[in-house]
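Let's look at how two copies of a chain sit together, and then at a pair of helices that pack against each other.

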Protein chains: 2
Amino acid sequence: MAGGPVIALSGGVGGAKLALGLSRLGLGDDLLIVANVGDDFEHLGLNICPDIDSIVYALSGLNDQVKGWGRADEGWRFMEAVAELGGEDWFNLGDRDMAMHVLRTRALASGQSLTEVTAALAGQLGIGCCIVPMSDDPVCTMVHTADGPLAFQHYFVRDRCEPVVTGFEFEGIAEARPQADFMAALKNPDLRAVIITPSNPFVSVDPILELPGVRAALRAASAPIVAVSPIVAGLAIKGPAAKMMTELGMPSTALAVAEHYDGLIDGFVLDESDFALADDIDTLAMRSLIAPTVMQSLEDRIKLAEFVLDAADELAP
Amino acid sequence: MAGGPVIALSGGVGGAKLALGLSRLGLGDDLLIVANVGDDFEHLGLNICPDIDSIVYALSGLNDQVKGWGRADEGWRFMEAVAELGGEDWFNLGDRDMAMHVLRTRALASGQSLTEVTAALAGQLGIGCCIVPMSDDPVCTMVHTADGPLAFQHYFVRDRCEPVVTGFEFEGIAEARPQADFMAALKNPDLRAVIITPSNPFVSVDPILELPGVRAALRAASAPIVAVSPIVAGLAIKGPAAKMMTELGMPSTALAVAEHYDGLIDGFVLDESDFALADDIDTLAMRSLIAPTVMQSLEDRIKLAEFVLDAADELAP
C-alpha cells in the first residue's frame, strides 16, 4: 500500500489544517502540497500569496491558532503606520508576516520562480514536505457578483464577502502551466493518492483543477482521488463557501459539494453529523466515507489525515 | 530682514535637530530643507532614504528621542521574522518605519519622483515646510577604506564605521541634477539664507555641495551662508565625523570643519566650549559665531535655529 507520491490540493486555512495532519504521517518528501494561487495579488508593491503562507505557517507551527489566520505573536505597527501615512489599509499585513512578503517579492523580482521562493522559505522554517504553487504563472480569481467583478481579496477581505456571488472566473488560467512537480507526480505511475482538502471548492480547489491538463491527468491516473467536505451540517467551517452555494442556487450541503466533484473523485469524506447524506452520495460515482472532520486539535488533524489516506489506500485498484 | 526662502542643507539625525528648530520659526513654506540622498540605498527590494526619513520623523514628532534614530514606539517583529527566514538582517527596519519604505518604493515604482513621494508623505504627517531630496537622480556615496570601497550603509551600519576611511566618492553625482525647487531657491534674488546644519561635512553635506551647479549658485547668491559645526570639543555629537577626520589626517576640531568650508561660507557657528578656536576661524574668509550648539531639548533646537537665522540676517549685505 505504501510508497509513491501523495498529492494534496489545498487552499488556505481549512486546507492547511489537513495538510498539517498529512505532514505528520511520515511521508517525507512523498507529500506534495499543491497550493491555490488564484487568491494571490500584488498589494502595496508586494507579492502576497495567502494560501501558500497559510500552509507554510501551519506546517511550521508559526500560525496563530486562536485568530485562525496569520502568524502567532503578530504585531500591527506596520499597518498603523500605513494608515497614518495615508496608504491602503484594508488588507491587514502583520509585522512578522511582512517578512514573508518582502523576501518573496525581492526573490521574484530577482528572477526566481514562485516554486523556488516557496521551497527556500519553507525549507528555512524546517518544513520537510514539498509545498508548491499550483502554477508559476499568474492566475487571478475574479468573483463575479451582483455589484460587478471583484478580484478575490477585494471580495473576500475588503468587501467582507458581502456582495452576492453569481460566478467565478480564473483569469490567465488558459495560459498557466501546472507546476512541474505537481504534473510529474500526477503522471507518476506510483502515485498513491490525490487528496482534495476541505477548502472552498469554487475559489480554492477549482482553480487548481481548471489548469490545462490537470483534469485529464487526474482522470488518467489510477490512484484514488478523495475529497473532504468543507461543509459540515450545512455550514462552512471557515470562509464563504456556504454563503456562495446559497447565492449560486444550490443547497449548502456536503451532498452538493460531492455533486460538484462528481465524475472526478473516488471517495468523499463527510462529517459524521452529515451521515444522513451518505446514501445520496453513494448514488454518485464515488463512495461516501464518514469521519469526524472538524479539526480542533493537532490530533484531530493527524487522525483525519490518517483516515483519508487509509480510505484512499482502500479505494486503490 | 524677513521674507525670502531659507535653505537648510541636512543629513540625518544631527541636521534634523536644527531643521526641527528652523521649522518652528514661522517660516512656513519659505523653509526649504534639502536632504542628502547619497546614503540612500535599495535593501530587501525597498528604497531606503535614511536622511529624508530622519528629517520627516523629527519634524512630525514621530522620532524616537531616546534611541536617537528611527521612530518612537517602534517594534522589531519584522526584523525577527526576516532573520528567521534567512534574510539579510544587518540593517534594522522597524515595523512602523517599514510603512515609509513600502509606500515610497511603491510610489517610485509607479513613476512618482522622490520629490513628489517625499512631499506627499511629509504632507500626510502635517509637516508645513518643504523637505526635498537634493536630487531626484540617484547618487551613491562610496566610502573608500583601507579594506576597499564600501557603499555608505555597509560602512556605517553593517561594518559599524570600523574600516579606516581614506576618501569618498559620490557615484552618479556628475549626472545628477539638483532638485528643481532647491536650484530655484538658490537662484531666487530674495534668498534670505543658506544654513549648513551640523551634519557630517564629508558624507552628508559634501554630496549636496558637489551636485553640478550648486557651488557656483552658492557663490553667485548674495544671501549669507552659515554653517554650524558638527564637532564640539573635538567630538562628533553623533556619527563618525570625528573618527573620519582623524583617519583623513586632519585634527578633529571645529576649526578643521571651518577650513573644510572655507571660501564657501560667510559665518561659522561653533560651540561655546570651543571659544578658543574663534580667533583662528576669523583668519579664514568667514566670521566665527559662538553659541551653545548641543541640542538636547526642543527649546535648544529652536534657540539655535533663531541664533543661526539672526546671525545670517546680520551677515546679509
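Lay chain A on chain B and you get an RMSD of 0.0 Å, using a turn of 180 degrees and a shift of 0.0 Å along the axis (a least-squares fit on C-alpha atoms of residues with pLDDT of at least 70 in both). The two copies are thus related as by a two-fold rotation axis. In chain A, the residue closest to that axis is Asp95(A), with its C-alpha at 2.9 Å.

This is a predicted model: local features need pLDDT of at least 70, side-chain atom pairs count only at pLDDT 80 or more, and totals for chains, interfaces and linings use all residues. Residues are numbered from 1 along each chain as its sequence is written, while chains are lettered from A and ligands numbered from 1 in the order in which they are written.

Now for the contact between the chains (C-beta atoms, placed from the backbone, within 7 Å). Chain A gives 23 residues and chain B gives 23 residues. On chain A's side, α4(A) supplies the largest share, 8 residues. Because 100% of the interface residues of chain A are also interface residues in chain B, the copies meet through the same surface.

Helices here are DSSP runs of H or I with at least four residues, numbered from the N terminus. These each supply at least two residues to chain A's side:

| Helix of chain A | Residues |
|---|---|
| α3 | 77-84 |
| α4 | 97-109 |
| α5 | 114-124 |

Within chain A, the contact between α4(A) and α5(A) includes Met100(A) and Leu103(A) from α4(A), and Val117(A) and Leu121(A) from α5(A).

Conventions:
Two residues are in contact if their C-beta atoms, placed from the backbone, lie within 7 Å.
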